[in-house]
Amino acid sequence: MTSPRIEVLPTAAAERIAAGEVVERPASVVKELIENSLDAGTRRITIEIDGAGSRLIRVSDDGAGIPAEQLAVAFERFATSKIRSADDLRHVNTYGFRGEALPSIAAVARVTIVTRPAGANSAAAVTVTGGERGAPAVAGAADGTMVTVENLFYNTPARQRFLKSPARETAVIVETVQALALAAPSVAFHLVDGEREILWMPPESFENRARRVLGAALRDRTLTIDTRGLTGLTGVLGTPETAQARRSHQWFLVNGRPVRSPMLARALDQAYHTLIPEGRVPAAVLHVRVPQDALDVNIHPRKAEVRFADERVVFSDVVREVRRVLHGAALVHTAPGAVRWPGATAAPGTPDTAVGGDALPAGAHDVAESATSYGAAAGPDAVRPSLWPPPPLTAPWPSIRVLGQLALTYIVGETGGDLVLIDQHAAHERVLYERLLARRRAGTAHAQGLVTPAVVELSPAEAAVVSEVERPLAALGFEVEAFGRATIRLRAVPAIAADRDAITLFRACLADLGSGRDEHAGRDLEERLAIATACHTAVRAGDRLDQTKMAALLEELARTEDPYSCFHGRPTMVRLRGRDLERWFYRRL
Ligand code: ADP
Ligand code: MG
């Protein structure tokens, strides 16, 4: 790889560079040097530090190197090989672009560069101390570049005093390396502190790198996100029970750059809202990709932040897509072991030792146990025991005081000063569904006999479905009897549906099963029938509910295993925080 020449930017471009301190702390030096190595196309970066980076920072790469005759100019302000004009700032695709790092570092430390472009006869070396450049020298070295920074801030005691403890500065360095390692997963990273190896990361896929950075405790409890909309999102999301007290397990990248982003952090909070307890934040590695012209990377002196042309679009895309993954995961019942929820086991009967801490509601029920008994009751067809029924998500359901009904669709309630809206249909679906399951687990379908059995003439399609679901029908409480060709007699329906019109319900269920709506494909027939039955029995939007009915519904919902979502993946409840209400009325800023 041959690089373009290093040249000093014209004033017009230099003036448009976001101004500010480039070197704030040792980690800033680490960041700038690694970025230079990545821009030079390296496959392998070694970072050595000593004295929390104050005594020594050394970054070695096997990248393109700097030709000997350009070594001097590299230390000039605004000298860069990466852009040529102010125009280029609009489509920067390198980490560096402002030509400020080397001069800024050399102004406050002693910097030595030894570099050798591939094919050069020898390596060139130069040392700059406090901005004073020494004589260039010829050296022996392998291809690539090694930059050594010693005695950082030796001539700026005020800045030295602003540093945190060595342990803290080292921690920030480690985070910095991890963040860049996420940006360049195909590059090997090695971080050594004195004699101690802190990080070693081989070239790997982004997903594996992301899981490595999240660490062993979280690695196996993550979901993959991968969407290719206008806002592309890739990464891994911690399952709700892995939520953390601090944001140190959140990593954001935007178009390949590690960034800080309060906006993305808020989007995650919103996506996990109600799934994790108050005061906790989700763990995640999220790489956001937007069209280059929808992004300004030149707004922060250390390039730690970026600006989206339209923040709101990115925000809502992230919330929606992350939610989709979370809800999907709670509902995917076909891949045991792929997703590990609290209390769920990879195989029935294996105790789960990795259950996640205090985010779990006390007394979360043991799915393995109920699953096993269900398996025994339902016979060999029931091969997905550990994930059916869906295990509890997290956080206990709050006790809610009913205020009224809104638009004949939502129950409006109050809990601890928060306003809540509950979708009456979704809530009732959840309740009925779990009641059906409980019955089935107990092995006794709870059927309600019809006073006069209903005779139903089946269409050929309906007849086909009936023949396929005979057993599930019986298991859930539909008593069906053949009665001539393509006609059946319906003698009983599940007790939960006693007050519905039997024939309409039966037909609606057959239609759902027959249409094989993909959202439930892969679930077993009994489960799909349970879903259909609950769906067609539940109160609908438009049904008027009185206070007593609403209170009773919420009480029943509270006792379900997963009160927060219906099985279509829609939430049952939306919560408006009291403190947000206060903000709306400017009672609190
Ligand atoms: P910028 O990265 O913004 O261009 P820097 O001050 O960081 O500015 O570096 C100046 C120039 O020195 C770069 O444009 C690049 O050409 C060269 N350079 C710095 N570090 C390396 C390296 N590790 N390998 C190859 N070239 C480098
Ligand atoms: Mg740079």
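Select Thr 176 and show its contacts. Beyond its neighbours within four places in sequence, Thr 176 touches Ala 27, Val 30 and Lys 31. Keep in mind that this is a predicted model. Thr 176 is found in helix H5, residues 166-183. Is Thr 176 buried or exposed? Its relative accessibility is 13%, so Thr 176 counts as buried; the cut-off for buried is under 20%.

**Helix H2**

Now select residues 26-39, which form helix H2. Colour them by accessibility. How many of the 14 residues of H2 are buried? The number is 13, so to speak of H2 as mostly covered is fair.

Put a distance between the C-alpha atoms at the two ends of H2. They lie 20 Å apart. With 14 residues at 1.5 Å a residue, the helix should span 20 Å, so the expected and modelled spans agree. A general point helps when you look along a helix: an α-helix has 3.6 residues a turn, so residues three or four places apart point the same way.

Step past the end of the helix to Gly 41. This glycine follows H2 and has a positive phi, near 75°.

**Ligand 1**

Select ligand 1 and display the residues around it. There are 21 of them. Asn 36, Thr 80, Ser 81, Lys 82 and Gly 99 are the closest.

Zoom in on the oxygen atoms of ligand 1. Three polar contacts are worth labelling:

- Ser 81: a polar side-chain atom sits 2.5 Å from a ligand oxygen.
- Lys 82: a polar side-chain atom is 2.7 Å from a ligand oxygen.
- Leu 102: here a polar backbone atom is the partner, 2.9 Å from a ligand oxygen.

Switch on the surface next. On its own, ligand 1 has 530 Å² of accessible area, and the protein covers 95% of that.

Which elements each supply at least two residues of the shell around ligand 1? Select H2, strand E4 (79-80) and helix H3 (101-107). Of the elements, H3 gives the most, with 3 residues. Then colour the shell by residue type. It divides into 9 nonpolar, 8 polar and 4 charged residues.

**Two positive phi angles outside glycine**

Go to Lys 303. Its phi is positive, near 55°, and the residue is not a glycine. Where is Lys 303 placed? Look in the loop between strand E17 (295-296) and strand E18 (307-308). Lys 303 is buried, with a relative accessible area of 3%.

Move on to Ala 407. This residue also has a positive phi, about 55°, without being a glycine. Its loop runs between strand E19 (401-406) and strand E20 (410-415). Is Ala 407 buried or exposed? At a relative accessible area of 59%, Ala 407 is exposed, whereas Lys 303 is buried.

**The whole chain**

Zoom out and show the cartoon. The protein chain holds 17 helices and 25 strands. It has 589 residues, and 52% of them are buried.

Switch to the surface view. The accessible surface comes to about 26700 Å². Carbon and sulfur atoms account for 52% of that area.

Finish with the contacts across the chain. Consider those between residues at least 6 apart in sequence: 70% of them join residues at least 24 apart. Thr 176, where the tour began, shows one such set, with Ala 27, Val 30 and Lys 31 as its partners.

Key:
Residues numbered from 1 in each chain as written. Chains lettered and ligands numbered in written order. Predicted model: local features only at pLDDT ≥ 70, side-chain atom pairs only at ≥ 80, totals over all residues. Heavy atoms only, no water. Helix = DSSP H or I, 4+ residues; strand = E, 2+ residues; numbered from the N terminus. Buried < 20%, exposed > 50% of the residue type's maximum accessible area, 1.4 Å probe, protein only. Contact = heavy atoms within 4.5 Å. Areas by Shrake-Rupley, 256 points an atom, 1.4 Å probe, with all protein chains shown as cover. Expected span 1.5 Å × (residues − 1). Near = heavy atom within 4 Å. Polar contact = N/O pair within 3.5 Å; in protein donor to acceptor, adjacent residues only side chain to side chain. Nonpolar A, V, L, I, M, F, W, Y, C, P; charged D, E, K, R; others polar.
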